[in-house]
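Here's an informal walk through one model, strand by strand and helix by helix. Have the sequence and the coordinates open as you read.

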Amino acid sequence: MIKFFLKTYGCQANEADSAAISIYLTGLNCKEVYSETEADLIIVNTCAIREKAEEKFFSYLGMLNKKIKVNKPYLKTIVIGCIATYKKDEIYKRFDNVNFVFGAKEDLNNLKVVLSDFIVELESIKNIYHSENSKRDTGFLNLGGFKTAPKELKRSLINIMTGCNNYCSYCIVPFTKGREKSFSAFQILQKIEQDIKAGAKEVTLLGQNVNSYKDPESGTGFFELLESVAKIEGEFWVRFLSPHPKDMTKEVLQVMARYPEKLCAYVHHPLQSGSNKILQAMNRTYTVEQFLEQIDWMKTILPEITITTDIIVAFPGETNQNFEQTMRVIEAVRFDGIFPFIYSARKYTKALSLKDNCSKDEKIKRINELIKKQQDITFEQNSLKMGKVLRVLVEKRMANGRLLARTQGNIRVFLDGDDSLIGSFVHVKVEKTRRSDLLGVLV
Ligand code: SF4
């Protein structure tokens with residue numbers, strides 16, 4: 001039997017693509033393994049959104065070449081995803097252990113053909129190799145850091161669309177994934193129903209800009225899709241990632257309010273900057289005032305809502321004053337969490353030609369200030385949950401022996417209990433609140 005290992009970088013959309021590949025290969029009678037050393041086929045799903053992710057990927061390929069391939073000459077490696085789209089030649093040139101590079105814009109049917117060809121080839125090569133080398137094959141290096149899949153909550157990650165038409169001036173995604181394309185609502189709903197029947201308790205609808213979704217057959221939009229998902233029978237939660245403020249409507253929030261048992265009262269709403277000048281330079285096409293109005297809708301329609309955001313610090317042209325404007329929005333909104341990034345220039349993007357006006361020290365100072373402010377706010381927001389009874393979904397057992405669960409708002413809660421609770425909804429009373437999580441007891 002051919003064993004495959006999937007290494008996934010980047011967002012949950014990539015996780016969803018990897019999950020689809022896993023299903024396809026399992027259907028070809030292959031087995032997924034959770035360590036590179038056990039695999040005959042390694043598929044690396046890449047992310048180009050930040051320079052750091054790209055560096056990590058290249059050093060990972062180097063490691064595969066030096067430590068894995070050397071012990072398993074027949075090993076096949078496939079690179080897919082965003083970096084594969086625009087660095088195909090470089091990958092082939094630098095890494096002779098890579099057998100196939102498949103870009104994010106290419107026809108998926110080609111990937112399927114290559115995968116099935118590789119499986120046939122591997123089956124015969126593996127047999128020959130093992131019969132000739134049975135005496136001198138001493139086993140593979142055991143690399144640290146790779147773990148076996150634990151017993152975990154079953155999740156359904158569903159790409160409802162791919163690509164993006166927005167061309168934010170700092171973002172490489174429209175160049176790597178191509179134009180926006182929504183998938184059929186009928187097929188999406190069918191897949192979710194299957195996953196729920198197979199035991200999934202959490203469904204995440206994914207896309208670069210989920211709220212611009214449009215069913216290619218009927219033309220219906222995101223809030224209608226959300227409502228159809230909520231009507232599927234079963235006990236499960238639904239999340240979505242990420243909406244774009246330019247397409248946020250009250251209808252989405254109203255549907256969420258109508259199905260509180262299914263649709264999580266959680267929105268990740270990417271602000272990026274609290275300065276209208278910087279938002280314009282980023283080509284975000286909304287203003288801070290419009291964003292704040294949407295936050296008001298959220299808090300009015302869904303009083304228990306959890307809101308998180310993304311902030312880019314030191315975008316070219318950002319002055320101290322612009323940064324202070326961002327800090328003021330952070331204080332006014334009181335997000336439950338933020339994902340802060342220092343701007344990094346990416347190839348092909350419009351912002352690449354803009355002058356970087358900020359020293360490294362200043363960038364670090366700004367991001368640290370932002371992180372510190374948000375940590376205090378998150379702690380205060382979490383403290384409001386002290387003594388409350390919350391419904392949570394149990395995910396897995398952690399190394400510290402406790403169970404990890406999450407609230408609808410994606411806030412981590414640790415509790416004691418046995419493994420049978422994994423994958424169940426339970427109620428916990430919050431007994432301690434901390435900066436990044438809560439401690440609770442079962443009620
Ligand atoms: S909305 Fe902007 S940031 Fe998000 S994927 Fe599209 S271009 Fe990139």
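Let's start at the C-terminal end: β17 and β18 are joined by five bridges and run antiparallel. Strands pair here if DSSP finds at least two bridges between them, while helices (H or I, at least four residues) and strands (E, at least two) are DSSP runs numbered from the N terminus. Between β17 and β18 sit three residues, and the two strands form a hairpin. T433 has L438 of β18 as its bridge partner.

Before going further, a word on what you're looking at. This is a predicted model, where local features need pLDDT of at least 70 and side-chain atom pairs count only at pLDDT 80 or more, while totals for chains, interfaces and linings use all residues. Residues are numbered from 1 along each chain as its sequence is written.

**The barrel**

The β17-β18 hairpin belongs to a closed barrel of five strands, which runs β14-β15-β16-β18-β17 with mixed pairing. From one strand to the next, the twist averages 50°. Angles like this run from 0 to 180 degrees between N-to-C directions, and axes are lines fitted to C-alpha atoms, for helices over the stretch in contact. The table goes round the barrel pair by pair.

| Strand pair | Bridges | Sense |
|---|---|---|
| β14 and β15 | four bridges | antiparallel |
| β15 (residues 403-406) and β16 (residues 412-415) | four bridges | antiparallel |
| β16 and β18 (residues 437-442) | three bridges | parallel |
| β17 and β18 | five bridges | antiparallel |
| β14 (residues 389-397) and β17 (residues 425-433) | five bridges | antiparallel |

Some residue pairs help you find your way around. K396 has L404 in β15 as its bridge partner, and A405 stands opposite V413 in β16. V413 in turn stands opposite L438 in β18, and L438 is also the bridge partner of T433. To close the circle, look at R391, whose bridge partner in β17 is H427.

The hairpin of β14 and β15 has five residues between its strands, and G401 there takes a positive phi near 90°.

**Domains**

How is the chain divided? It splits into domain 1 (3-133), domain 2 (155-383) and domain 3 (389-442), with bounds that come from an automatic or database domain assignment. The centres of domain 1 and domain 3, taken over C-alpha atoms, are 35 Å apart.

**The parallel sheet**

Now for an open sheet of three strands, in the order β6-β9-β10 and with parallel pairing. Its edge strands, β6 (155-159) and β10 (237-241), each pair on one side only. Neighbouring strands in this sheet are turned by 20° against each other on average, direction ignored. β9 (residues 202-206) pairs with β10 in the parallel sense over five bridges, and T204 has R239 of β10 as its bridge partner. Helix α1 (residues 12-27) lies across β6, β9 and β10, running at about 105° to β6.

Just after the sheet there's a backbone detail to check: the peptide bond from L241 to S242 is cis, with omega near -20°. S242 itself is in the loop between β10 and α9.

**A helix pair**

The axes of α8 (residues 222-230) and α9 (residues 250-258) come within 8 Å and cross at roughly 10°. That's why α8 counts as roughly parallel to α9, the label for angles under 35 degrees (over 145 is roughly antiparallel, 65 to 115 roughly perpendicular and the rest oblique). Who makes the contact? On the α8 side, F222, F223, L226 and E227, and on the α9 side, E251, V252 and V255; residues are in contact if their C-beta atoms, placed from the backbone, lie within 7 Å. By class, this contact has five nonpolar, no polar and two charged residues. Ala, Val, Leu, Ile, Met, Phe, Trp, Tyr, Cys and Pro count as nonpolar, Asp, Glu, Lys and Arg as charged, and the others, Gly among them, as polar.

**Around the ligand**

Which residues are around the ligand? They are C164, N166, Y167, C168, C171, V173, P174, Q208, N209 and H244, where near means a C-beta atom, placed from the backbone, within 6 Å. This shell divides into six nonpolar, four polar and no charged residues.

**One more loop**

N283 isn't a glycine, yet it has a positive phi of about 60°. Look for N283 in the loop between α10 (276-281) and α11 (288-301).

Notes:
Two residues are in contact if their C-beta atoms, placed from the backbone, lie within 7 Å.
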